[in-house]
Amino acid sequence: MKNERLLFAADDVPEGLVEGLETIKTADGLAQAVTPILEQAETVREDVDRRRSACDEQREKFRTHCEKNVADVKLRSSIVDGLRYKRDYTAYLEWQDKSRERLERVISVSEEERQNHCAHLEHMLNHMILHLQDVCTGLGELAAKTRIKIGETTKDIFQIQVPPWQDAAARTSIRDYLNALTAELDRADEGEEPEVKSRAILEKKLRTQPMLRCIFGNQTIKVRCRKATSGNTFSERPFSWEESNKWSGGEMWSKNMALFLGCLNYLSEKRCHLRRAKYNTRVVIADNPFGKASSDHVLSPVFFIAKQLGFQILALTAHQEGSFIRKYFPVVYSCRFAEMANKKGKVLVPDKEIKTAFFEEHHPESLARLDEYEQLGLF
């Protein structure tokens, strides 16, 4: 009966007698000698069952942990199969050594990939930091690019204050920003068209503006500007950008257009190298740009800055806005509708007005290009 639980009579148990049993002659004496041995075996059996149960519990916990956290498919399959099929302790030790070797190889490959990733990230960080430094320097130079000449002196009409930032702190902020961006890209991969979503996210989040906000934190770029006054002068005290937005329509147009030309010049210089030429080399086309700006003291600074930066302004606007159009534009096209001969429709007839004196003084060779020539027939 005890053998059913303790299995001391199993085939793999070697035969032998407990010491001292050969001298016992009666059944009672034999029972008294064997009973404590069986009780001891019962205790050992209970301890074995308890340890085996604890081992099975730990095995199951480890298997669950590996299935959730081991990303490598082959390594995870090897561990789970070993836990499931290995029952002999010696086989367990051999499997453990092989698993350790495989794990060390995986760790080595992972560390190498991690090092390459860190090197690539550091390379990208260097480029981003240099770009942001360049942008901050360019923003600081906008004031010099939009300087106005008043009499014999020049004056900055803009004061652009870029918040100071430290290289190390900026790198930390950008790393955190990129880590958050990576998590957002991982979530985008779960839906439909992941490549399109990821590209849209990258184009939006890696622009210069959010990167500047990342390194500035709660600080902002402050812009102050001087107010154009009658007599072609500017106020001594610069006003904040919020205050300048309460100026009259012409004054607001003047300061907005001047800053726009400065920003446009900065972007043009960054896209390609611009050689300084004798005449204007770039064009700004504006659709009805003037609005309430018709006074000379708000128009003159804008056209002065445009000339200094090499911009020619082409404006599409109504002629009734003021005589300033013919003052600042040496070539004026008046487009009018004319009745067709059959009275069934109208055609657009352009009338050209050229300020000859301006070109004779500043651009004499341009007059030849502005003259009209009649197109000869082919036959």
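Helices are DSSP runs of at least four residues, numbered from the N terminus. In the predicted model analysed here, helix H9 spans residues 249-271 and supplies four residues to the lining of the largest cavity, the largest share of that lining. The volume of this cavity is about 60 Å³, and the count of cavities of 30 Å³ or more comes to one. Its lining is formed by Ile-157, Arg-226, Lys-227, Ala-228, Phe-234, Trp-247, Glu-251, Ser-254, Lys-255 and Ala-258. By class, five of the lining residues are nonpolar, one is polar and four are charged. Such empty space is revealed by rolling a probe the size of a water molecule over the atoms.

Two of the cavity-lining residues, Ile-157 and Ala-258, also appear among the contacts of Thr-146. Thr-146 is placed in the loop that connects helix H4 (89-145) with strand E1 (148-150). Its relative accessibility is 1%, and Thr-146 therefore counts as buried, the cut-off being under 20%. Beyond its neighbours within four places in sequence, Thr-146 is in contact with Ile-157, Phe-158, Ala-258, Gly-262 and Ile-305. Lys-149 belongs to strand E1. When residues up to four places away in sequence are not counted, Lys-149 touches Thr-154 and Phe-304. A separation of 31 Å is found between the C-alpha atoms of Lys-149 and Leu-132, which are 17 residues apart along the chain.

Phe-158, one of the contacts of Thr-146, has Cys-225 of strand E4 as its bridge partner. Strand E3 and strand E4 (residues 222-225) are paired in the antiparallel sense over four bridges. These strands belong to an open sheet of three strands, in the order E3-E4-E7, with antiparallel pairing. Strand E3 (158-161) and strand E7 (239-240) each have a single partner strand and stand at the edges, so one side of each lacks a neighbour in the sheet. In general, the strands of a sheet pair through backbone hydrogen bonds, in either a parallel or an antiparallel manner.

A further antiparallel pair is made by strand E10 (residues 331-339) and strand E11 (residues 346-354), which are joined by nine bridges. Within this pair, Cys-335 has Pro-350 of E11 as its bridge partner. Six residues lie between the two strands of the hairpin, in which Lys-343 adopts a positive phi near 60 degrees.

The largest nonpolar core comprises 55 residues, and those with the most contacts inside it are Trp-165, Ile-174, Ile-215, Leu-261, Leu-299 and Phe-329. Helix H4 makes the greatest contribution to this core, with nine residues. A second, separate core has seven residues, including Leu-75, Ile-79, Tyr-92 and Trp-95. For Leu-299, the contacts outside its neighbours within four places in sequence are Trp-253, Phe-290, Ala-293, Ser-294, Phe-324 and Tyr-328.

Tyr-92 and Trp-95 of the second core are also associated with the second largest pocket, which holds about 710 Å³ of space. Of the 23 residues lining this pocket, Cys-55, Arg-59, Leu-83, Tyr-92 and Trp-95 are the closest to its centre. Helix H2 (27-69), helix H3 (73-85) and helix H4 each contribute at least two residues to the lining, and H2 gives the most, with 10 residues. The lining of this pocket divides into 13 nonpolar, four polar and six charged residues.

Notes:
Residues are numbered from 1 along each chain as its sequence is written. This is a predicted model: local features need pLDDT of at least 70, side-chain atom pairs count only at pLDDT 80 or more; totals for chains, interfaces and linings use all residues. Side-chain values use heavy atoms; hydrogens and water are left out. Buried means under 20% relative accessible area, exposed over 50%, partly exposed in between (1.4 Å probe, protein chains only). Contact means heavy atoms within 4.5 Å. On a 1 Å grid over the protein atoms alone, a cavity is a set of points where a 1.4 Å probe fits but cannot get out, and a pocket is an open set with protein on both sides within 12 Å along at least five of seven lines; lining residues have an atom within 4 Å of a point. Grid points are joined across faces, edges and corners, and a volume is the space filled by probe spheres set on the points. Ala, Val, Leu, Ile, Met, Phe, Trp, Tyr, Cys and Pro count as nonpolar, Asp, Glu, Lys and Arg as charged, and the others, Gly among them, as polar. Two strands pair if DSSP finds at least two bridges between them. A nonpolar core is a set of buried Ala, Val, Leu, Ile, Met, Phe, Trp, Tyr and Cys residues joined through side-chain atoms within 4.5 Å.
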